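Colleague: I am new to this model. Please pick one part and take me through it closely, along with whatever it leads to.

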Amino acid sequence: MKNTAVFSFKLNDKKYEAIEVPTCLTLADMLREEFNLRGTNLSCNQGVCGSCTVIVDDTPIAACHTFAFEIEGKNVRTIEGLESADGTLDPVQESFAELSAFQCGFCTPGMIMLSRALLDHNEDPSEDLIKEWISSNICRCTGYSMIIEAVQLAALKIKRSKV
């Protein structure tokens with residue numbers, strides 16, 4: 001009995017064909033171990049804390065709670081994939097840095113990915129909507145106010161860039 005899966009997918013806009021991994025391998029472990037993308041943090045390993053959030057086909061998901069083979073044919077975007085080819089940070093990354101919207105930084109990649117997904121769905125979210133979206137990511141350090149402000153600043157930057 002073969003305990004591996006073979007699949008193809010896109011990772012940060014690069015296509016990967018016929019990747020073979022054990023069927024028990026999670027997406028988070030594959031990103032970290034097979035692709036050396038360490039920005040996808042692992043904490044609870046139960047899909048609860050949000051530190052492993054990545055975007056799959058425009059939807060934020062818990063990578064620790066997703067088997068790698070489940071991304072067959074999909075597009076996965078990690079924190080490493082937000083930065084442009086010339087090294088320019090995404091407006092969300094930039095805003096988090098400008099406002100120091102992190103302390104220990106452990107939740108930050110997941111929080112940024114969740115915020116990016118929110119702004120991809122709604123360029124002008126209300127404070128209540130931001131709170132609702134980030135409620136699925138646990139931050140034990142900041143109290144969330146700087147994170148909310150960073151998402152609001154990123155939304156403003158995105159709007160300005162389109163004018």
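Modeller: What follows starts at one helix and works outward.

This is a predicted model, so local features need pLDDT of at least 70, side-chain atom pairs count only at pLDDT 80 or more, and totals for chains, interfaces and linings use all residues. Residues are numbered from 1 along each chain, and side-chain values use heavy atoms, without hydrogens or water.

Look at helix 5, residues 145-161. Helices here are DSSP runs (H or I, at least four residues), and strands are too (E, at least two), numbered from the N terminus.

Begin with helix 2, residues 91-98. The axes of helix 2 and helix 5 come within 8 Å and cross at roughly 135°. Axes are fitted to C-alpha atoms, and angles run from 0 to 180 degrees between N-to-C directions. Helix 2 is therefore oblique to helix 5. Oblique is what remains after roughly parallel (under 35 degrees), roughly antiparallel (over 145) and roughly perpendicular (65 to 115).

Which residues make this contact (heavy atoms within 4.5 Å)? From helix 2 come Pro 91, Val 92, Glu 94, Ser 95, Phe 96 and Glu 98. From helix 5 come Ile 147, Ala 150, Val 151, Leu 153, Ala 154, Lys 157 and Ile 158. By class, this contact holds nine nonpolar residues, one polar and three charged. Nonpolar covers Ala, Val, Leu, Ile, Met, Phe, Trp, Tyr, Cys and Pro; charged covers Asp, Glu, Lys and Arg; the others, Gly among them, are polar.

Now bring in helix 3, residues 108-121. Helix 3 packs with helix 5 at an angle of about 45°, and their axes are 11 Å apart. That makes helix 3 oblique to helix 5 as well. On the helix 3 side, the contact uses Met 111, Ser 115, Arg 116, Leu 118 and Leu 119. On the helix 5 side, it uses Ile 147, Val 151, Ala 154, Ala 155 and Ile 158. The contact of helix 3 with helix 5 divides into eight nonpolar residues, one polar and one charged. Compare the two lists for helix 5. Ile 147, Val 151, Ala 154 and Ile 158 appear in both.

Between helix 2 and helix 3 there is a loop, and Ser 100 sits in it. Its phi is near 50°, a positive value in a residue other than glycine. Ser 100 has a relative accessible area of 45%, so it is partly exposed. Buried means under 20%, exposed over 50%, and partly exposed in between (1.4 Å probe, protein chains only).

Step back from helix 5 towards helix 4, residues 127-134. The loop between helix 4 and helix 5 holds Ile 138. With 33% relative accessibility, Ile 138 counts as partly exposed. Beyond its neighbours within four places in sequence, Ile 138 is in contact with Val 48, Cys 49, Cys 107 and Tyr 144. Ile 138 and Thr 108 are 30 residues apart in sequence, yet their C-alpha atoms are 9.8 Å apart.

Follow the contact to Cys 49. Cys 49 lies in the loop between helix 1 and strand 3. At 10% relative accessibility, Cys 49 counts as buried. Not counting residues up to four places away in sequence, Cys 49 touches Ser 43, Cys 44, Ser 136, Asn 137 and Ile 138. Cys 107 is 58 residues away from Cys 49 in sequence, and the two are 8.3 Å apart, C-alpha to C-alpha.

That loop leads back to helix 1. In helix 1, Leu 27, Ala 28, Met 30, Leu 31 and Arg 32 are buried. The buried residues of helix 1 pack against strand 1, strand 2, strand 3 and strand 4. After helix 1 comes Asn 36, with a positive phi near 55°.

End with rings. There are five aromatic pairs; rings of Phe, Tyr and Trp (its six-membered ring) pair if their centres lie within 6.5 Å, with planes under 30 degrees apart called stacked, over 60 edge-to-face and the rest tilted. Phe 7 and Phe 9 make a tilted pair, 5.6 Å centre to centre with 35° between the planes. Both of these residues, Phe 7 and Phe 9, are buried. Tyr 16 and Phe 35 make an edge-to-face pair, at 4.8 Å and 75°. Tyr 16 is in strand 2 and Phe 35 in the loop between helix 1 and strand 3, so the pair ties together parts 19 residues apart in sequence. Phe 35 is buried, at 19% relative accessible area. Phe 7, Phe 9, Tyr 16 and Phe 35 form one aromatic cluster.

Methods: Contact = heavy atoms within 4.5 Å.
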